[in-house]
Amino acid sequence: MFESKQERFGESEDRWVQRRSGAMNSLAWWAYFVFMTAMLMVPHELLPAWLRGGGSELDWLGPKDKLLHVGSFACLMLVSAWTRGSLARWPASEAIWCFAYAAATEVAQGITGWREAEWMDLLADSVGILIGGMLARGISLFDRPGGNE
């Protein structure tokens, strides 16, 4: 009789673990993507209190807003590179996808009526994508055998 589910379907333990971790990576990416899209598209009044700030309508968080853009897109780039397994090289396709997403969200914000499209946000997103790509590449270099010596 078969000892495990993996043996029953003819899979090695390693392949089964890879499939499960791939599914978890995809789930992590989708969860972050949905969260980020919600944060970028909802009216300011519906954002969590810790994100709402004073200031004018055009600059509602000041420099903190741009730091949030940089950080969130750096994380998106890093998670995208991680889930697609492209940490071993410069994740160019992920960078292009992240930039297209950043541009699309800015256009969508301009269309909504309750958000405003800002070119500086797109620039901050691009800086975040670049930082995320460099972090992904740095992690891959550090993670190689002999890379942390």
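**View 1. Asp125 and the residues it touches.** In this predicted model, leave aside anything up to four places away in sequence, and Asp125 touches His69, Phe73, Ala102 and Glu106. Asp125 itself sits in helix H5. One of those neighbours deserves a second look: the side chains of Asp125 and His69 are joined by a polar contact of 2.7 Å.

**View 2. Asp125, a buried charge without a salt bridge.** Which side chain of opposite charge is nearest to Asp125? That would be Lys66, but it's 8.4 Å away. A salt bridge needs the two charged groups within 4 Å, so Asp125 goes without one, even though this residue is buried. What Asp125 does have is the polar contact with the side chain of His69.

**View 3. A nonpolar patch on the surface.** Now for the outside: Trp90, Met120, Leu123, Val127, Leu130, Ile131, Met134, Leu135 and Ile139 make up a nonpolar surface patch of about 810 Å². Met120, one of the patch residues, is found in helix H5, which covers residues 119–143. That's the helix where you'll find Asp125 too.

**View 4. Stepping back to the whole chain.** What is the protein chain built from? Five helices and zero strands, so reading from the N terminus you get α-α-α-α-α. Of its 149 residues, 32% count as buried. The chain exposes about 9,500 Å², with carbon and sulfur atoms supplying 67% of that. As for who meets whom, take the contacts between residues at least 6 apart in sequence: 62% of them join residues at least 24 apart.

Notes. Residues numbered from 1 in each chain as written. Predicted model: local features only at pLDDT ≥ 70, side-chain atom pairs only at ≥ 80, totals over all residues. Heavy atoms only, no water. Patch = residues over 30% accessible without salt bridge, like charges linked within 9 Å, V, L, I, M, F, W, Y side chains within 5 Å. Areas by Shrake-Rupley, 256 points an atom, 1.4 Å probe, with all protein chains shown as cover. Helix = DSSP H or I, 4+ residues; strand = E, 2+ residues; numbered from the N terminus. Buried < 20%, exposed > 50% of the residue type's maximum accessible area, 1.4 Å probe, protein only. Lys, Arg positive; Asp, Glu negative; His and termini not counted. Polar contact = N/O pair within 3.5 Å; in protein donor to acceptor, adjacent residues only side chain to side chain. Contact = heavy atoms within 4.5 Å.
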